[in-house]
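Please follow the chain below from its overall division to its ligand and then to two details of the backbone.

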Amino acid sequence: MNPSHHPIAIVGAGLGGLTLARVLHVHGIPATVYEADPSEQSRMQGGQLDIHEADGQRALADADLTDEFRAIIHEGAEASRVLDQDGKLLFDAPDDGTGRRPEVLRGDLRRILLDSLPDRTVRWGHKVTGTRPLGDGRHELTFANGATVTSGLLVGADGAWSKIRPLLSDAEPEYTGTTFIETYLYDADERHTAAAEAVGAGAMYALTPGKGIIAHREAGNILHTYVILNRSAEWIAAIDFTDAASATARVAAEFDGWAPELTALITDGETAPVARTIHTLPDGHRWQRAPGVTLLGDAAHLMPPSGDGANLAMLDGAELGKAIAAHPDDAEAALTAYEEALFPRTAPVYTQAHDMLDLLLGERAPFGFLDLFNGSNAERTSS
Ligand SMILES: Cc1cc2nc3c(=O)[nH]c(=O)nc-3n(C[C@H](O)[C@H](O)[C@H](O)COP(=O)(O)OP(=O)(O)OC[C@H]3O[C@@H](n4cnc5c(N)ncnc54)[C@H](O)[C@@H]3O)c2cc1C
């Protein structure tokens, strides 16, 4: 039997791939999204994202989902504060109510995108394991479940470890030397009062050179913590994260002597700690145009988290969707227009992303990070 053919195949149902599918749908263009996860609910979608006017919100407008987006905003969560390791407040910026960078849960955002697509747009349980160019811009995709399809236009929206990227580029992600370790506390105000007070209404940063604790108050009275550590890959690999209690103790030991309301964010964690080693593609990663295939989001420009990655992925999806709609009979013209704008748009963000890691954990921490807030209306409670 011949494999089924899909004029537009998108690999990856993350925020970038789904935004592309939605913007195409708005323009009356069907697409199929192949996703490795077995279902929408099979994996926790991670924390809160602030969605910027210049990229994420613009993409949602192109997706005709601004009202749906407004309905999932976590009001008040734009507050920020910086503490020292003794729990002393160094800086406090309440939510100013301008709503310029509203916070939403990643899972909620993914859901409004999924709900906006026709049935069977996303094919769950389709993990790409192989790709083969067939000529004339067509490709064959092979999946772990044994299925095979062919594509007219193929988009790699499959994140950091993209299986589509090797069709265009030899670049591979490299470890930055920083790892984020996630924990969650639930019913925070009632059961974790001191930690909840330390975090406040929005984001809390407690930073010293080489290590820190960042926590967000999420909708539903939840504290979501990222412990951030500059440590070698070997050091991280030596922690057995399948043994939650010993992994928690090992991570907490790095914060010996810190204020108990801060270390409680680790030691009272109600989910097994999850390590996210932070990788990056080479700065300004780009590729030569190849017929019938392109990349978006982390597959195209993986970089350290600086609050931009999901926003950029959505903007990529929207821009690619509009480029395809503008060149309905010429996929190569669409991909050329998309990539000519993509590379200069993302190259400077690599520098900002690396600079952000340095502000969080570099030798001047937390003062480099505090400088970011200079010029805002926030109250500086200590020098
Ligand atoms: C700790 C941390 C914190 C972050 N915080 C923020 C933040 O606050 N704000 C922000 O804007 N960004 C943040 N980011 C960055 C953001 O998460 C990413 O940039 C964003 O998710 C990229 O979206 P994407 O759609 O390109 O890829 P992804 O979200 O990675 O989605 C890729 C999809 O492809 C699927 N997939 C992968 N391989 C295959 C395969 N072989 N076959 C089929 N499907 C496959 C995956 O299952 C997934 O659903 C953070 C990142 C990290 C690590």
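In this predicted model, the C-alpha centres of domain 1 and domain 2 lie 29 Å apart. The domain assignment gives domain 1 as the segments 4-76, 102-173 and 282-358, whereas domain 2 is the single segment 175-280. Across the boundary, 18 residues of domain 1 are in contact with 14 residues of domain 2, and about 1,300 Å² of area is buried between the two domains, with carbon and sulfur atoms giving 65% of that area. On the side of domain 1, the residues that lose the most area to domain 2 are Gln 48, His 74 and Leu 357, and together they account for 29% of what that side buries.

Where does the ligand lie with respect to these two domains? Domain 1 and domain 2 both give residues to the shell around the ligand, and therefore the ligand lies between them. This shell holds 34 residues, and the closest of them are Glu 35, Arg 106, Val 128, Asp 298 and Ala 310. In terms of character, the shell divides into 14 nonpolar, 10 polar and 10 charged residues.

Several elements of secondary structure take part in the shell: helix H1 (15-26), strand S3 (48-50), helix H4 (106-115) and helix H11 (309-326) each supply at least two of its residues. Of the shell, the largest share comes from H11, which contributes 4 residues.

The backbone also meets the ligand through polar atoms. An oxygen atom of the ligand is placed 3.0 Å from a polar backbone atom of Gly 16, and a nitrogen atom of the ligand is 3.1 Å from a polar backbone atom of Ala 36. At Gly 307, a polar backbone atom is 3.4 Å from an oxygen atom of the ligand. Taken on its own, the ligand has 1,000 Å² of accessible area, and the protein covers 83% of this area.

Two details of backbone geometry remain, and each of them is found in a loop. Asp 187, in the loop between strand S11 (174-185) and helix H5 (188-191), has a phi near 45°, which is a positive value in a residue other than glycine. Further along the chain, the peptide bond that joins Ala 365 and Pro 366 is cis, with omega at about 5°, and Pro 366 has its place in the loop between helix H12 (331-361) and helix H13 (367-372).

Methods. Residues are numbered from 1 along each chain as its sequence is written. This is a predicted model: local features need pLDDT of at least 70, side-chain atom pairs count only at pLDDT 80 or more; totals for chains, interfaces and linings use all residues. Side-chain values use heavy atoms; hydrogens and water are left out. A residue is near a molecule or strand if one of its heavy atoms lies within 4 Å of it. A polar contact is a pair of N or O atoms within 3.5 Å; within protein, one must be able to donate a hydrogen and the other to accept it, and residues adjacent in sequence count only if both atoms are side-chain atoms. Accessible areas come from the Shrake-Rupley method with a 1.4 Å probe; for residues, only the protein chains shown count as cover. Ala, Val, Leu, Ile, Met, Phe, Trp, Tyr, Cys and Pro count as nonpolar, Asp, Glu, Lys and Arg as charged, and the others, Gly among them, as polar. Domain bounds come from an automatic or database domain assignment. Contact means heavy atoms within 4.5 Å. Buried area is the accessible area (1.4 Å probe) that two parts lose on being put together, summed over both.
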